Amino acid sequence: MVNDGSVTIYADGGCRGNPGRGGWGVVLQSGGVEKELWGGEPHTTNNRMELTAVIRALEALKRPTAVQVHTDSQYVQKGISEWIHNWKRNGWRTTDKKPVKNADLWQILDGLAGQHEIKWLWVKGHAGHPGNERADRLANRGIDELPATPINPV
């Protein structure tokens, strides 16, 4: 299922306001080759951008691969490694029977993750980790490149 070339991914997302203008950024590295991806949404949440970053990274992979995903989001790392099993068993409901937030993105991520052999690694954000800092800059670029919000006339 897994090819020989492994991929290292650094993924980050963020918002200015939560909810607010959001961005996501990804650095993919494999065999000395690097690729950067980024994008944004005009009205979203930090957690949705963190999930979107990882989704976009995995979508960029062309075949089943051994992957190391570095994220500063415990929400993403714990969600995909621990919590998702109970969510799926409970019909995408939490232990207190409430709908799982961002279930649409969790379901996409779950499907993509099943195509690869993934090691999920948490790194402390804004602590000088080069890959994470690059992904953070790309997430901010995603926000910065969004069109200006139109001003509604009174």
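**Exercise 1. Which residues does P99 touch, leaving out those up to four places away in sequence?**

Solution. Start with the contacts: P99 touches W92, R93 and T94 once residues up to four places away in sequence are left out. Keep in mind that you're looking at a predicted model. Next, place the residue: P99 sits in the loop between α2 and α3 (103–113). Now look at the distance to W87: the two are twelve residues apart in sequence, and their C-alpha atoms are 9.0 Å apart in space. Last, check the surface. The relative accessible area of P99 is 54%, and the cut-off for exposed is over 50%, so P99 counts as exposed.

**Exercise 2. Find residues other than glycine with a positive phi, and say where they lie.**

Solution. Here's the background: most residues other than glycine have a negative phi, and most peptide bonds are trans. Stay in the loop between α2 and α3, where you'll find K97. Its phi is near 70°, a positive value in a residue other than glycine. K97 has 62% relative accessibility, so it counts as exposed.

Then go to the loop between β5 and α4 (130–144), which holds H126. The phi of H126 is near 55°, again positive and again not in a glycine. H126 is exposed too, with a relative accessible area of 59%.

While you're checking backbone angles, look at N18 and P19: the peptide bond joining them is cis, with omega at about 10°. P19 belongs to the loop between β1 (7–16) and β2 (20–30).

**Exercise 3. In what order do the five strands form the open sheet?**

Solution. Take stock of the chain before you start. The protein chain has four helices and five strands, and from the N terminus they run β-β-β-α-β-α-α-β-α.

Step one, the order: the strands line up as β3-β2-β1-β4-β5 in an open sheet with mixed pairing. Step two, the edges: β3 (33–44) and β5 (117–122) each have a single partner strand, so one side of each has no neighbour in the sheet. Step three, the twist: neighbouring strands are turned by 20° against each other on average, direction ignored.

Step four, the pairings. A reminder helps here: strands of a sheet pair through backbone hydrogen bonds, either parallel or antiparallel.

- β1 and β2 are antiparallel, with nine bridges; T8 stands opposite Q29 in β2.
- β2 and β3 are also antiparallel, joined by ten bridges; G23 has G40 in β3 as its bridge partner.
- β4 (residues 66–71) and β5 are parallel over six bridges; H70 is bridged to L121 in β5.

Step five, the turns. The β1–β2 hairpin has three residues between its strands, and G17 there has a positive phi near 95°. The β2–β3 hairpin has two residues between its strands, with G31 in the turn at a positive phi of about 55°.

Step six, burial: eight of the eleven residues of β2 are buried, so this strand is largely enclosed by the rest of the structure.

**Exercise 4. Is T71 buried or exposed, and what is it in contact with?**

Solution. Locate it first: T71 is in strand β4. Its relative accessibility is 0%, so T71 counts as buried. Beyond its neighbours within four places in sequence, T71 is in contact with A11, E50, V76, Q77, L121, W122 and V123. One polar link to spot: the T71 side chain reaches the backbone nitrogen of S73 at 3.0 Å.

Now follow one of those contacts, E50, into helix α1, where E50 is among the buried residues, along with M49, L51, T52, A53, V54, I55, A57 and L58. Helix α1 (residues 46–59) has 14 residues and spans 20 Å from first C-alpha to last, close to the 20 Å expected at 1.5 Å a residue. For the other side of the picture, try helix α2 (residues 74–89), which lies across β4 and β5 and runs at about 140° to β5.

**Exercise 5. Why does the radius of gyration agree with a compact globule?**

Solution. For 154 residues, a compact globule would come out near 15 Å; the protein chain has 16 Å, so the two agree. The C-alpha trace spans about 60 × 45 × 30 Å along its principal axes. As for burial, 44% of the 154 residues count as buried. Finally, of the contacts with a separation of 6 or more, 67% are between residues 24 or more positions apart.

Notes
Residues are numbered from 1 along each chain as its sequence is written. This is a predicted model: local features need pLDDT of at least 70, side-chain atom pairs count only at pLDDT 80 or more; totals for chains, interfaces and linings use all residues. Side-chain values use heavy atoms; hydrogens and water are left out. Two strands pair if DSSP finds at least two bridges between them. Axes are lines fitted to C-alpha atoms, for helices over the stretch in contact, and angles run from 0 to 180 degrees between N-to-C directions. Contact means heavy atoms within 4.5 Å. The expected span of a helix is 1.5 Å times one less than its number of residues. Buried means under 20% relative accessible area, exposed over 50%, partly exposed in between (1.4 Å probe, protein chains only). A polar contact is a pair of N or O atoms within 3.5 Å; within protein, one must be able to donate a hydrogen and the other to accept it, and residues adjacent in sequence count only if both atoms are side-chain atoms. The radius of gyration is taken over C-alpha atoms; the globule rule is 2.2 Å times the number of residues to the power 0.38.
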